[in-house]
Amino acid sequence: MHAMSEFLRWLTTSSHWSGPSGIPSRLLEHVQLSALAVGLSLAVALPVGLFIGHTRRGEFLAVSVGNLGRALPSFGILAIVFPFALRYLPGSIGFWPTFIALFLLGIPPVLTNTYVGIQNVDADTVEAARGMGMSGRQVLMLLEVPLAVPLIVAGLRTAAVQIVATATLGAVFGWGGLGRFIVDGFALRDNAQILGGAFLVAVLAILTEVGLGLLERALSPRLTSRERGRGRVRDELAFAPPGQ
Amino acid sequence: MRYNRRYALGATLLALAFVAVACGSGGGTTGTTSPKGTLTVGVSGGFAENQIVAEMYAQVLEHAGYTVKRQLDIQNREASEPALKSGVIDLKPEYIGTLLLFVNPQASASADPAQEASALKPLLAATGITLLNYSQANDTNAFVVTKATADKYHLAKVSDLASVAGQLTLGGPPECPQRPFCIPGLKTTYGVTFGHFNPIGACDSATADALDAGAIDVALLCSTQSVISAKGWVALEDDKHLQKADNIAPVVRTSVDNAEINRLLNAVSAKLTTENILPLNKAVEIDHEDAAVVAKKFLQDNGLLS
Amino acid sequence: MTVTLSAEPFVRWSWVAGHLHDIRIHFVEHIELTVIAVAIGLVISLPLAVYSHRHRRAYPPVTFVTGLMYTVPSLALFAFLVPFTGLTTTTAEIGLVSYTLLILIRNVVAGLAGVPEDVKDAARGMGYTDRQLLWRVELPLAAPVIVAGIRIATVTTIGLVTVTALIGKGGLGYFILKGYRESFPTSTLIGGVLSVLLATLVDALLLFAQRVLTPWARASRVRAFA
């Protein structure tokens, strides 16, 4: 196929791997902004999720944020923030709109998974811990959080993958990152570049998924045999080498 | 591969069903079919000026008794050219210089519209498309700076940029670094090399916004974008003629074309000029009036609907 | 005629009032793109899920491939397809459908797995064939979980449809792109707000359907993101 050989040629051209608009620097931009957005989402959503899960107050808020978050089009957020960021925020074109859209995108999965994870901790166990004289803070930090970690990391993984994938849209709004190759490819009618950019973003997103899947597994408590039977499918999904 | 094919096929079938339904229920057209038949008017891209001119074509045809359908949100030429060739649309307004380079990337566009039109005509004819008369409305590329920047660096012409460009940031369409009318041409024709280039969009107001906010110093815009005069900006004179002529002209599928259609559309071209299309663009781009309303007023004022 | 860009109000209500017809057309297009995507998604997911449920070995590869599709960014996927299928509804729908598959398949399989063995045994004892068992026992009992999947898939698709504006479709995304291109916040907000409202409304409707299908269930639990 002609498109495929052009795509391979694009990917293996050495000049595409150097300079400020080369693949490594676009990749770095992409990863940096994604990491910043994931970090801030975590910093905001984790404490709120812990609070809601522990006190069981504000559940309505968490459910609403979870549902609304799924419905919020990142594309629309970028478009709304763009003109205001140009006027009122410093930094390069498109940085803030992309960052804000990604940050908002990361909140619902982390928030929902954190408070569901905390709430899922067996009520009798919590009762017993309190009976042993543990304070509310101790119950949260020594019991609830450790047990909720796998689910929290799963939320983080979902957030990170969505953020890495959506950071692509920033290029439509003048920002850099790997989306640049796709948007520029469209403008130049250069299919090889479009395919190359799409391929790189997809690989990055899959690596994020697999990497955080590993972390999730490392942090998960040993499973009972029944649970392991159920969990196996997901592990295979996470560990199968991409591209097969 | 098998799954892909299967649902591509399914998707196609359902998409066709959807299109059929959408067409059946679509639009505000009356149910009666005129004896002169139905024409679908499209655009070359989904921006204001193109939609206004497309509306003009649509309305003169309607006035002459044709049934007209409109497809005015086609986003770009990559979509509108195949649509015209395959008969999804029957005609659209085009920009002769850009279209020439689109049809033949090796062609040399020039500042002379007559030369471009004669080069374009046979290329289009070979694909079953007729180029009608071009208008005097020339929407070419322009390097634009704010009044403050122009004063600060004493800029009036593109060649004035040569000594200061190294300190300035250019913003424009993503294809700029590769296209002769932009960065490569600036370098070879003018000896102008910018310190930095920021890809944004092609003649969109995001690029204008960036210029307005000072995020870029020079913007490549379209010369008829109304924001330029609304903001009191300076479009630098293209003193060494880097930019091609991009006059607006109708292109029609040859198989539906006839003498009456030619006469009607050429009459519109005869009235359009760079000067009189500017306020129309402003009415749509800045005051957000509807292209149809703006077009109708122009046609009435110029006696094209009588 | 002296309006300047800086004087542009956040929402220009007169424009909204004058464009209700336009808004309705794109609203309907948004719904059509969504419904087609979820419907095709279901048509593909159901057999794959039923097969995966019967043959557990098929499940990992099926979720792997659909998981891969789910992970690929929408803009990247559209970019992949455009060289082959053009700027068409087909391109938009292939993208949209491929995002529904993982969610739908996971939920259908989970729903089928949740049907108690003794119920199936009883049905087999009554002489049900596999086909009858599937249509009369398993699928009806799995319906609530399946509808939950449809709910998530639909809400996700409603958000994604806006991105297809970049390939000339987009439903309400048309207004978002228009607002961005013309620096016209009214248009962007109309597109964004209506899209969120539509998603919220559909979410509520499908939640209601889910409850109707499971009169025995108490207040539904919130599902974590997997």
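**View 1. The end of helix H8 in chain C, with C:Ser183 after the helix.** In this predicted model, H8 of chain C is followed by C:Ser183, and the phi angle of that serine is positive, near 50°. Step back into the helix, which spans residues 173-181, and you'll find it mostly covered: nine of its nine residues are buried. The buried set includes C:Tyr174, C:Phe175, C:Ile176 and C:Leu177. Charged side chains are in there too, since C:Lys178 and C:Arg181 also count as buried. What covers the buried residues of H8(C)? Part of the cover comes from chain C itself, with helix H2 (20-54), helix H7 (130-161) and helix H9 (185-213). The other chains join in as well: H4 of chain A and H8 of chain B are included in the cover.

**View 2. Chain A, built from helices.** If you're hunting for strands here, you won't get far: chain A has ten helices and zero strands. Reading along the sequence, you meet the pattern α-α-α-α-α-α-α-α-α-α. Of the chain's 244 residues, 51% count as buried. Now look at which parts of chain A touch one another: among contacts with a separation of 6 or more, 73% are between residues 24 or more positions apart.

**View 3. Where chain A meets chain C.** Here 46 residues of chain A are in contact with 40 residues of chain C. Plenty of helices take part on the chain A side: H3 (59-71), H4 (74-88), H5 (95-119), H7 (136-166), H8 (179-188), H9 (191-219) and H10 (225-239) each supply at least two residues. Which helix of chain A gives the most to this side? That's H9(A), with ten residues. Sort the chain A side by class and you get 30 nonpolar, 13 polar and three charged residues.

**View 4. The five-stranded sheet of chain B.** This open sheet has the strand order E7-E6-E8-E5-E9, and its pairing is mixed. Why is one side of E7 (196-199) and of E9 (234-235) left without a neighbour in the sheet? Both strands stand at the edges and each has a single partner strand, so there is no neighbour on one side. Zoom in on E9(B) and you'll see that E5 (residues 141-145) pairs with it in the antiparallel sense, over two bridges. One thing to pick out is B:Val144, whose bridge partner in E9(B) is B:Ala235. Helix H8 of chain B (residues 205-212) lies across E5, E6 (169-172) and E8 (218-222), and runs at about 150° to E8(B).

**View 5. Two domains in chain B.** The domain assignment splits chain B into domain 1, made of 37-138 + 245-301, and domain 2, which covers 141-235. Taken over C-alpha atoms, the centres of these two domains are 27 Å apart. Where they touch, domain 1 contributes nine residues and domain 2 contributes seven. On the domain 1 side, helix H11 (residues 274-285) gives the most, with six residues. That side divides into four nonpolar, two polar and three charged residues.

**View 6. How confident is the prediction for chain C?** On average, chain C has a pLDDT of 84, and 91% of its residues score at least 70. Among the elements of chain C, H2(C) has the highest mean pLDDT (94), while helix H4 (residues 74-85) has the lowest (75). Be careful with residues 1-5 of chain C, where the pLDDT is below 50. Beyond near neighbours in sequence, this stretch has eight contacts in the model. As for the model as a whole, the scores are ipTM 0.74 and pTM 0.80.

Note on methods
Residues numbered from 1 in each chain as written. Chains lettered and ligands numbered in written order. Predicted model: local features only at pLDDT ≥ 70, side-chain atom pairs only at ≥ 80, totals over all residues. Contact = placed C-beta atoms within 7 Å. Helix = DSSP H or I, 4+ residues; strand = E, 2+ residues; numbered from the N terminus. Pairing = 2+ DSSP bridges. Axes fitted to C-alpha atoms, helices over the stretch in contact; angles between N-to-C directions. Buried ≥ 20, exposed ≤ 12 C-beta atoms within 10 Å, placed from the backbone. Domains from an automatic or database assignment. pLDDT = per-residue confidence, 0-100.
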